[in-house]
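Reader: I am in my first year of study and should like to look closely at one part of this model. Would you please choose a single pairing as the starting point and explain, step by step, what lies around it?

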Amino acid sequence: MLFLWLYMFYSCAGSCAGLATRASPAPPRAAPPLPSAAGEPGDEESNPEEQRAPPDAASPISSFFNGSGTKRLPQAIIIGVKKGGTRALLEFLRVHPDVRAVGAEPHFFDRNYERGLAWYRDLMPRTLEGQITMEKTPSYFVTKEAPARISSMSKGTKLIVVVRDPVTRAISDYTQTLSKKPDIPTFESLTFK
């Protein structure tokens, strides 16, 4: 996991440095001429092109923060497994400027499928051309209908599965459940049923 984090960090650092060197600074704007009193020399009609400075071309970043971009269906989905490090993976990927992801798990393909693709697309973040839209819902891994539903949405969607040692994953899952429901049976009694 540490290697993945370092790889993502250095990839992002390289991409961000590349953006800084590619970005060209805005041309300096001339100061607006001071108004002259009527009848003074220099009162002649000035060139309209000199009065209007051309607007700066919007950079992709400024366009993004101004609300442009498109809500797209995800090109990649982290589908599992529960307590396997899916949140950590998503957060590492979100560091990259070309990855945009939904914060909360949408549970579209397991709990909210009847709401339709328009509802699902509306949950997605706005992305610019070249950015990847992602989401994460680990329970898709154990939902029988999820693979066919994802495939019917888009056959090109990449599915990412995070795996973890099953024993430590089960202990982690149990302790999380125990914190929410303190009256559940002991781990040992559930394990050796």
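Author: Let us begin with one pair of residues: Ala101 has Met134, in strand β5, as its bridge partner. Please keep in mind that the model is predicted. The pair belongs to a longer pairing, for β3 and β5 (residues 132–136) run parallel and are joined by three bridges.

Which strands make up the sheet, and in what order do they stand? There are four strands, arranged as β3-β5-β2-β6 in an open sheet with parallel pairing. The strands at the edges are β3 (99–101) and β6 (158–161); each has a single partner strand, so one side of each is left without a neighbour in the sheet. From one strand to the next, the twist averages 30°.

Moving from β5 to the next strand in that order, one reaches β2. The pairing of β2 with β5 is parallel and is made over three bridges. Here Ile77 stands opposite Glu135 of β5. On its other side, β2 pairs with β6, again in the parallel sense, over four bridges. In that pairing, Ala76 has Lys158 of β6 as its bridge partner. How well is β2 covered? It is mostly covered, since five of its five residues are buried.

In a regular strand, side chains alternate between the two faces of the sheet. It is therefore useful to ask what packs against the strands.

One such element is helix α4 (residues 86–94), which lies across β2, β3, β5 and β6 and runs at about 160° to β2. Which residues of α4 are buried? They are Thr86, Leu89, Leu90, Phe92 and Leu93. Viewed down the axis of α4, these buried residues fall within an arc of 160°, so they line one face of the helix.

The nonpolar cores can be considered next. The largest one has twelve residues: Leu73, Ile77, Ile79, Val102, Phe108, Phe109, Tyr120, Met124, Tyr140, Ala146, Ile150 and Met153. At least two residues of this core come from each of β2 (76–80) and α6 (146–153). It is α6 that gives the largest share, three residues. The starting pair returns in a second, separate core of nine residues, which includes Ala101 and Met134 together with Leu90 and Leu93 of the helix just described. Thus Ala101 and Met134 are bridge partners, and they are also among the members of this second core.

Within the largest core, Ala146 offers a useful example. When its neighbours within four places in sequence are left aside, Ala146 is in contact with Phe109 and Tyr140. A residue that also touches Phe109 is Thr143, which reaches Asp110 as well, not counting residues up to four places away in sequence. Thr143 belongs to the loop between β5 and α6. Is Thr143 buried or exposed? Its relative accessible area is 14%, and because buried means under 20%, Thr143 counts as buried. Its side chain also reaches the backbone oxygen of Ser139, at 2.7 Å.

The loops that lead into and out of these elements complete the picture. After β2 comes a loop that runs to α4, and Val81 lies in it. The peptide bond from Gly80 to Val81 is cis, with omega near 5°. The loop between β2 and α4 also holds Lys83. Lys83 is not a glycine, and yet its phi is positive, about 60°. With a relative accessible area of 27%, Lys83 is partly exposed.

Between α4 and β3 there is a further loop, in which Pro97 is placed. Pro97 counts as partly exposed, at 25% relative accessibility. In sequence, Pro97 and Gln131 are 34 residues apart, while in space they are 7.8 Å apart, C-alpha to C-alpha.

Beyond β3, the loop that leads to α5 (117–123) contains His107. What is unusual about the backbone can be put simply: phi of His107 is near 50°, a positive value in a residue other than glycine. His107 is buried, with a relative accessible area of 11%, whereas Lys83 is partly exposed.

To return to the starting point, the bridge between Ala101 and Met134 sits in the pairing of β3 with β5, and α4 lies across these strands as well as β2 and β6.

Definitions and conventions:
Residues numbered from 1 in each chain as written. Predicted model: local features only at pLDDT ≥ 70, side-chain atom pairs only at ≥ 80, totals over all residues. Heavy atoms only, no water. Core = buried A, V, L, I, M, F, W, Y, C linked by side-chain atoms within 4.5 Å. Buried < 20%, exposed > 50% of the residue type's maximum accessible area, 1.4 Å probe, protein only. Contact = heavy atoms within 4.5 Å. Pairing = 2+ DSSP bridges. Axes fitted to C-alpha atoms, helices over the stretch in contact; angles between N-to-C directions. Polar contact = N/O pair within 3.5 Å; in protein donor to acceptor, adjacent residues only side chain to side chain. Arc of directions from axis to C-beta.
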